[in-house]
Amino acid sequence: MYEYTNRPTYAQFLKKDVNSLFQITDFPEFSWSYSRHKMVAACKRKYAYHYYVSHNGWLDSASAQSQSAYRLKKVSTLSMYAGQAVRQVITEAISDYTSTQIVPDEQSLTEKAQQLLNNALRDSTDYGELWYHKPAQYKMLLEFYENGYISKKDLKDMQKRAHICVHHFLQSKSFGDIVSSPFLEVEPHQSFRSINVYDHKVYAPFHSLFKNPVTDEFTIVDWKTSKQTKDDLFQLAIYALYVLAEYNISVDQIKVRNEYLLSGSARTYQLTLHEIEAVLQQVDASIDYMKMFLEDSEVNQPLSLEHFPQTDTPASCHGCAFKELCQTG
């Protein structure tokens, strides 16, 4: 899909991002992320609703379409939210352990994850009206939004899935490294990591980062609650770009790892400079592709909605909250 271009190497164009103050603008700031990269490839119309039509949709003065798109952007499937709940529990568990040196109890972590699921279900069922007016402050699960209920079986399956993930987290190589290596430095979790790549903001929202002060090696860990995919290494390489820029180190000082919590397996990789430069080319080409959908790239003004075609694989519409907008135009 993408045509690579010849650009300077990462050392010349990779730098830490400096966040600007929030302000209301006619169009959103352009940025790149792995999730955005996947979305524009999967469905251009969903991409338009998520990143452009929803912009300013939280304002009372916004159009009805923008408000609807912003509201639907905040809807999450039960499976997606279960993954978020598990990762939140893991982040808190690692932080607690570094402070107390007490290994957390599996049952208590499982109960925390399940409580987060129950809270999302409560928001969906009991506070739907509040969510409608304040979608950023309340949760809405897609299954309830579409059907008016969530089956007990589906909820039980997600609770079981959360338990499996918590169990495998406690048995994982990465958590084992923390427990067995008291000198290991665990970097504080950050929700919105970003860098500038070729003068564009690139988000790198990985979950955990460990530093070995003896070897000066960093290990990036992504906690996966889904199955392994062919793009997992590419995603990890994006995170490596951030660590390269943030800590001003060489690529041979970085290891990247996926912890697959459903299966209890892990994959660790040592990236090369050639791989990093190839990833930069792919990011650059992806940015160029996204800009094909802009009327004015200076202000990130998109083309009109008809220039964002719907996916030609209707099966991928399953689990997409925006399909009601597609059906109504």
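Two strands count as a pair when DSSP finds at least two bridges between them. Keep that in mind for the views of the sheet below, and remember that this is a predicted model.

**View 1. Strands S8 and S9 sit side by side in a hairpin.** S8 and S9 run antiparallel, and 5 bridges join them. Want one bridge to look for? Glu259 has Ala266 in S9 as its bridge partner. Now follow the chain around the turn: there are 4 residues between the two strands, and Gly264 takes a positive phi near 80° in this hairpin. S8 itself is mostly covered, with 6 of its 7 residues buried.

**View 2. Five strands make up an open sheet.** Reading across, the order is S3-S6-S7-S8-S9, and the pairing is mixed. Which strands are at the edges? They are S3 (185-186) and S9 (265-269), each of which pairs on one side only. Helix H10 (residues 173-180) packs on this sheet, where it touches S3, S6, S7 and S8 (254-260). The direction of H10 makes about 120° with that of S8.

**View 3. Strand S7 has S6 as one partner and S8 as another.** Here's what "mixed" looks like up close. S6 (residues 208-212) and S7 (residues 217-224) pair in the antiparallel sense, over 5 bridges. S7 and S8, on the other hand, run parallel and are joined by 7 bridges. To find your place between S6 and S7, look for Ser208, which stands opposite Val221 in S7. For the pairing of S7 with S8, look for Ile220, whose bridge partner in S8 is Val256.

**View 4. Asp222 is a buried residue of strand S7.** Is Asp222 buried or exposed? Its relative accessibility is 2%, so Asp222 counts as buried, the cut-off being under 20%. What does Asp222 touch, once residues up to four places away in sequence are set aside? The list is Phe206, His207, Gln235, Leu236, Tyr239, Arg257, Asn258 and Glu259. With one of these, His207, the side chain of Asp222 makes a polar contact of 2.9 Å. Zoom out and you can place Asp222 against Gly57: the two are 165 residues apart in sequence, and their C-alpha atoms are 31 Å apart in space.

**View 5. Helices H6 and H9 pack against each other.** Two packed helices are described by the angle between their axes and by the distance between those axes. For H6 (residues 106-126) and H9 (residues 152-170), the angle is about 145° and the axes are 9 Å apart. The crossing of H6 past H9 is right-handed. On the H6 side, the contact is made by Glu106, Leu109, Thr110, Ala113, Gln114, Leu117, Asn118 and Leu121. On the H9 side, look for Leu155, Met158, Gln159, Ala162, His163, Val166, His167, Phe169 and Leu170. What kinds of residues are these? The contact of H6 with H9 divides into 10 nonpolar, 6 polar and 1 charged.

**View 6. Thr110 and Gln107 both lie in helix H6.** Thr110 has a relative accessible area of 6%, so it is buried. A polar atom of the Thr110 side chain lies 2.9 Å from the backbone oxygen of Glu106. Leaving out its neighbours within four places in sequence, Thr110 is in contact with His163 and Val166. Gln107 tells another story: its relative accessibility is 54%, so Gln107 counts as exposed, the cut-off being over 50%. The C-alpha atoms of Gln107 and His318 are 33 Å apart, and the two residues are separated by 211 residues along the chain.

**View 7. Asn56 and Asp199 each have a positive phi, though neither is a glycine.** Where is Asn56? Look in the loop between helix H3 (44-53) and helix H4 (64-73). Phi of Asn56 is about 65°, and this residue is buried, with a relative accessible area of 12%. Asp199 is in the loop between strand S4 (194-197) and strand S5 (200-203). Phi of Asp199 is near 65°, but this residue is exposed, with a relative accessible area of 57%.

Note on methods. Residues numbered from 1 in each chain as written. Predicted model: local features only at pLDDT ≥ 70, side-chain atom pairs only at ≥ 80, totals over all residues. Heavy atoms only, no water. Axes fitted to C-alpha atoms, helices over the stretch in contact; angles between N-to-C directions. Left-handed = near helix turned anticlockwise from the far one by under 90°. Contact = heavy atoms within 4.5 Å. Nonpolar A, V, L, I, M, F, W, Y, C, P; charged D, E, K, R; others polar. Buried < 20%, exposed > 50% of the residue type's maximum accessible area, 1.4 Å probe, protein only. Polar contact = N/O pair within 3.5 Å; in protein donor to acceptor, adjacent residues only side chain to side chain.
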